[in-house]
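Biologist: Hi! I have a bit of time before my next meeting. Could you walk me through the side-chain contacts in this one?

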Amino acid sequence: MRIIDQEIARSPRDMDVRAWRARILEWSGNLAQAEQEFLQVLQASKNDPDNWLGLGEVYLREGKTPEALRAFDVAVGLDPGRADLHMARGRALAASGNRKDAELEFQQAVRLDPANEEARIAQRSILVEPHNELRLGQEDNAFNFTGPNYDEWVSLRTQWSSHWSTTFLGNFFQWGAADAGKFGASVTGRLAKWGALTLGGAAAHDSGVLPKNEGFFELDHGWKIGERGFVRGLELTYNQHWYWYRTARVLTFNGVVLAYLPRDWTFSLSEIEARSDFQGLGTQWRPSEIARLGFPIARREQKQLSGNVFFATGTEDFASVDQIGSFASQTFGGGLRFSITPRQDISPYVSYQKRSQGRTDANFGLNYGLRF
């Protein structure tokens, strides 16, 4: 402020210096003085959108939302091609409760400056966060040694608060001559410093191919590392899952390390150790590993396309009896995720599994998500 006052004493008609004085007054919390300073500047320089922007921001901090909107309207009218002016007007509209027009302003800011991450964050934040996610899925398995299997499923996840959520899942299977189904449920609790704990289980009409009952718990915690390094964040997950079949019991220990990389890329490694108990055969241990790479493909306004590829080795899927420790395998696969809107997405995926004894399994799936 001392430097600015010296410049004003030297050039009292320099409106750029006076405008800087008004900004410093605003930054230091002297809003009434900043308002008067901007008004005096605008008497001499009415065609500078930055001065109208500064006055509008002061009005907004003072709680004078209608006055702020009028100032931003003038600024946008003087230079409609500036994303920051549309951002400011969008914030004022949001403060006045006009969320629809605020979203349009943020969309215009993104169109003018697609690389402006602040505009994208503001665009997402203006939407009322949905509390429920309904997801529907269909999966088909084509084998070279037997008939195909089919699986349809539906899940509903509800975020009751920032700390609690529940998930309910129903699966319906047509595996050869067997029709089977299961119902599962879980509850998740979250604390910012401790991460998340999930407890759940499932019961099935097993038809001899599914686990009759399941139980599991999962611990999850993430750390943000920074915005400039190669690894921006890490997430560690530990899952312990019990499967009780008619003729076998399986306990799996699953650890996952997920790395968040620049430009929305991700890489994860999973290690699964499975302990199987068969009647008359004793205990067997089977390891599995999965490596997965996720990456963005394209983004346009609120639509986004991303993909992933993965490689797995071992008996990594214990959903049915024919997966329990009876073969070795290598699986190659990948998928796409197309976000139609912030509330809808569709995800196709495919994999190919080479098993021992020359057997193969081609898997095709599709799921659709709706948040409300």
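Modeller: Happy to. Keep in mind that this is a predicted model. Let me begin with a charge and a ring: Arg23 has its charged end over the ring of Trp20, 5.0 Å from the ring centre.

Biologist: Nice. Which residue lies over the face of Phe145?

Modeller: That is Arg359, at 4.4 Å from the centre of the Phe145 ring.

Biologist: And rings with rings? How many aromatic pairs does the count come to?

Modeller: The count is nine aromatic pairs. Take Trp265 and Phe295: the ring centres are 5.6 Å apart and the planes are at 40 degrees, so this pair is tilted.

Biologist: Where do Trp265 and Phe295 lie?

Modeller: Trp265 is in the loop between β8 (248–260) and β9 (266–278), while Phe295 belongs to strand β10 (residues 282–300). The pair therefore ties together parts that are 30 residues apart in sequence. Trp265 is partly exposed, its relative accessible area being 37%.

Biologist: What about Phe311 and Phe332, what are the distance and the angle there?

Modeller: Phe311 and Phe332 make a tilted pair, 5.1 Å centre to centre with 45 degrees between the planes. Phe311 sits in strand β11 (residues 303–314) and Phe332 in strand β12 (residues 329–341), so parts 21 residues apart in sequence are tied together. Phe311 is partly exposed, with a relative accessible area of 31%, and Phe332 is partly exposed too, at 40%.

Biologist: Which residues form an aromatic cluster?

Modeller: Phe217, Tyr238 and Trp242 form one.

Biologist: Changing topic: helix α8. Which of its residues are buried?

Modeller: Helix α8 (residues 117–125) has Ala119, Arg120, Ala122 and Gln123 as its buried residues. Looking down the axis of α8, they fall within an arc of 160 degrees, so they line one face of the helix.

Biologist: Why would residues three or four places apart point the same way?

Modeller: Because an α-helix has 3.6 residues a turn.

Biologist: Got it. And what covers the buried residues of α8?

Modeller: The cover includes α6 (83–95), α7 (99–112) and β10. β10 is also the strand that holds Phe295 from the tilted pair with Trp265.

Biologist: Anything at the start of α8?

Modeller: Yes, Asn116: one of its side-chain oxygens comes within 3.1 Å of the backbone nitrogen of Glu118.

Biologist: On to charges, then. How many salt bridges are there?

Modeller: The count comes to 24 salt bridges. One of them joins Asp5 and Arg21, with 3.0 Å between the closest N and O atoms. That pair links distant parts of the chain, since Asp5 is in helix α1 (residues 2–10) and Arg21 in helix α2 (residues 15–27), 16 residues apart. Asp5 is partly exposed, with a relative accessible area of 34%.

Biologist: Who pairs with Arg82?

Modeller: Arg82 forms a salt bridge with Asp50, and the closest N and O atoms are 2.8 Å apart. Arg82 is in the loop between α5 (65–78) and α6, and Asp50 is in helix α4 (residues 49–62), so the bridge ties together parts 32 residues apart in sequence. Asp50 is partly exposed, at a relative accessible area of 28%.

Biologist: Last one: which residues are linked in a network of salt bridges?

Modeller: Glu133, Arg135, Arg337, Asp345 and Arg371. Within that network, Arg135 bridges to Glu133 with the closest N and O atoms 3.2 Å apart.

Biologist: Are Arg135 and Glu133 buried or partly exposed?

Modeller: Arg135 is buried, at 10% relative accessibility, whereas Glu133 is partly exposed at 22%.

Technical notes:
Residues numbered from 1 in each chain as written. Predicted model: local features only at pLDDT ≥ 70, side-chain atom pairs only at ≥ 80, totals over all residues. Heavy atoms only, no water. Phe/Tyr/Trp six-rings, centres within 6.5 Å; stacked < 30°, edge-to-face > 60°. Helix = DSSP H or I, 4+ residues; strand = E, 2+ residues; numbered from the N terminus. Buried < 20%, exposed > 50% of the residue type's maximum accessible area, 1.4 Å probe, protein only. Lys NZ or Arg CZ within 6 Å of the ring centre and 35° of its normal. Arc of directions from axis to C-beta. Contact = heavy atoms within 4.5 Å. Polar contact = N/O pair within 3.5 Å; in protein donor to acceptor, adjacent residues only side chain to side chain. Salt bridge = Lys/Arg side-chain N within 4 Å of Asp/Glu carboxyl O.
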